[in-house]
Amino acid sequence: MGHAYSYTLGTHTYQFKSLAQLMAKATPQRSGDRLAGVIAQSAQERAVAQMTLAEVPLKTFLNDVLIPYEQDEITRLIIDEHDANAFSLISHLTVGDFRNWLLSDYATPAVLASVRQAITPEMAAAVSKIMRNQDLILVAKKCHVKSAFRNTIGLPGHLSTRLQPNHPTDDINGIAACMLDGLLYGNGDAVIGINPATDNVAQAIKLMTLMDDVIQKYEIPTQSCVLTHVTNTIECIEAGAPVDLVFQSIGGTEATNSSFGFNLNTLAEAQDAALSLKRGTVGNNVMYFETGQGSSLSANAHHGLDQQTCEARAYALARKFNPLLVNTVVGFIGPEYLFDGKEITRAGLEDHFCAKLLGIPMGCDVCYTNHAEADQNDMDNLLTLLGVAGCSFVMGIPGSDDIMLNYQTTSFHDALYVRRVLGSRPAPEFEAWLSKMKIMENTAESILSSTLPSAFAKPLKAVQGGM
């Protein structure tokens, strides 16, 4: 049984009945927490909750769990895999002290890497709630998280992209044209990943085969993924399909993941199956997860927690399976959970910070739906901030408009922009391929070739001849 917290300001004493309520009240405002009824009732109550939270010892999060150990396999995972030895370095700190420690020069990339397994998602979420945006950016920048399959993702100074060639009818020619378009803009080193319009095993195999044919024909050092349900991917592997990565949307509570139709054992089975194929060339990180604030609330599986804390708990699940890629789809669920550009920006920075602090190779789908109070300028701002923070990868979609999923995200051009202004580069193996194929004249400055590369000229002429 957790204990209550209180804080006296002048003649008024604020009461917080539990650690979960304290964390919810301390969270920067967002529409999802308002919808859930857990938000602070005023800016003053929020500030008091943040001051109270700052005094909570980190040890508290190991003893006062937010969802009972007996009821939730994510809680059990967090507690059972906590590294007590590594925790000794920070165990004496409060949440406020932890913020100061993270921002200090002592917390170097190497030191931060050494305490990853000692930090629980709840500790990460708690400290993020008392940090400014610039704090989230500075600390995330120091968290270097590398993963690899056919290329190496997450190296300092590098920014990768997911080439997302979605099509509303899964038309093979449309998808192939989109893939070519993206590759010619230097996109696709994180993954070529398709959200299928028709989600079944036969269609998934068809799309996997298409992407594999292109990757093999042009010897592209990247990986492919069809974002179908994990159980479908297991069936695809059993059928002999060319599966590179296993995908699954995940949440931060057992009940959320049950509503998605899987548990930890399902993911373990899928990971083992993918590893058995031995398709990676420079690494064996075979899992790809997507997350997003509001998923647990939308499934009525949030246990009264604020949505950002639920989101951070999903990273414990991701960490268990050593993924190649994880990304928050930050504004996708809609304004019911993140109302406007300001809330989307804050959530994107929170998610990236918490994930990198926990050792997750985190990217971000910088996005919004058309009924949110946001526009592409808001996305430009968030994209730039995440680039500064060392985000592992972002999305690349023609014209930033996903015509299958009906939401707005980042374009092939946006990836070029952020690479140019920040001096970021693609994954090194992919960068070498871009030079070899003469797609880029200058990869260090992301300068595209002025003429169509010869390797792609003939296929394009064939397409034009058939029109």
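Q: What radius of gyration does the protein chain have, and what would a compact globule have?
A: The protein chain has 22 Å, which agrees with the value near 23 Å for a compact globule of 467 residues. The radius is taken over C-alpha atoms, and the globule rule is 2.2 Å times the number of residues to the power 0.38.

Q: Where do these coordinates come from, and how are residues numbered?
A: This is a predicted model, where local features need pLDDT of at least 70 and side-chain atom pairs count only at pLDDT 80 or more, while totals for chains, interfaces and linings use all residues. Residues are numbered from 1 along each chain as its sequence is written, and side-chain values use heavy atoms, with hydrogens and water left out.

Q: What box do the C-alpha atoms fill?
A: Roughly 80 × 45 × 45 Å, taken along the principal axes.

Q: How many helices and strands?
A: The protein chain has 22 helices and 16 strands. These are DSSP runs numbered from the N terminus: H or I of at least four residues for helices, E of at least two for strands.

Q: What share of the residues is buried?
A: Buried residues are 60% of the 467, where buried means under 20% relative accessible area with a 1.4 Å probe, counting protein chains only.

Q: Switching to helix packing. How do α17 and α18 cross?
A: The axes of α17 (residues 307-320) and α18 (residues 341-357) come within 9 Å and cross at roughly 35 degrees. Axes are lines fitted to C-alpha atoms over the stretch in contact, with angles from 0 to 180 degrees between N-to-C directions.

Q: Which residues meet there?
A: Q308, E311 and Y315 in α17 meet E350, D351, C354 and A355 in α18, with contact meaning heavy atoms within 4.5 Å. By class, that contact has three nonpolar, one polar and three charged residues. Ala, Val, Leu, Ile, Met, Phe, Trp, Tyr, Cys and Pro count as nonpolar, Asp, Glu, Lys and Arg as charged, and the others, Gly among them, as polar.

Q: Backbone next. What is phi of D170?
A: Near 55 degrees, a positive value in a residue other than glycine. D170 lies in the loop between β5 (160-163) and α11 (172-184).

Q: Is D170 buried or exposed?
A: D170 is buried, with a relative accessible area of 3%.

Q: And what about S400, where is it found?
A: S400 is in the loop between β12 (393-396) and β13 (401-402). S400 is not a glycine, yet its phi is positive, about 65 degrees. S400 is buried, with a relative accessible area of 9%.

Note on methods
Buried means under 20% relative accessible area, exposed over 50%, partly exposed in between (1.4 Å probe, protein chains only).
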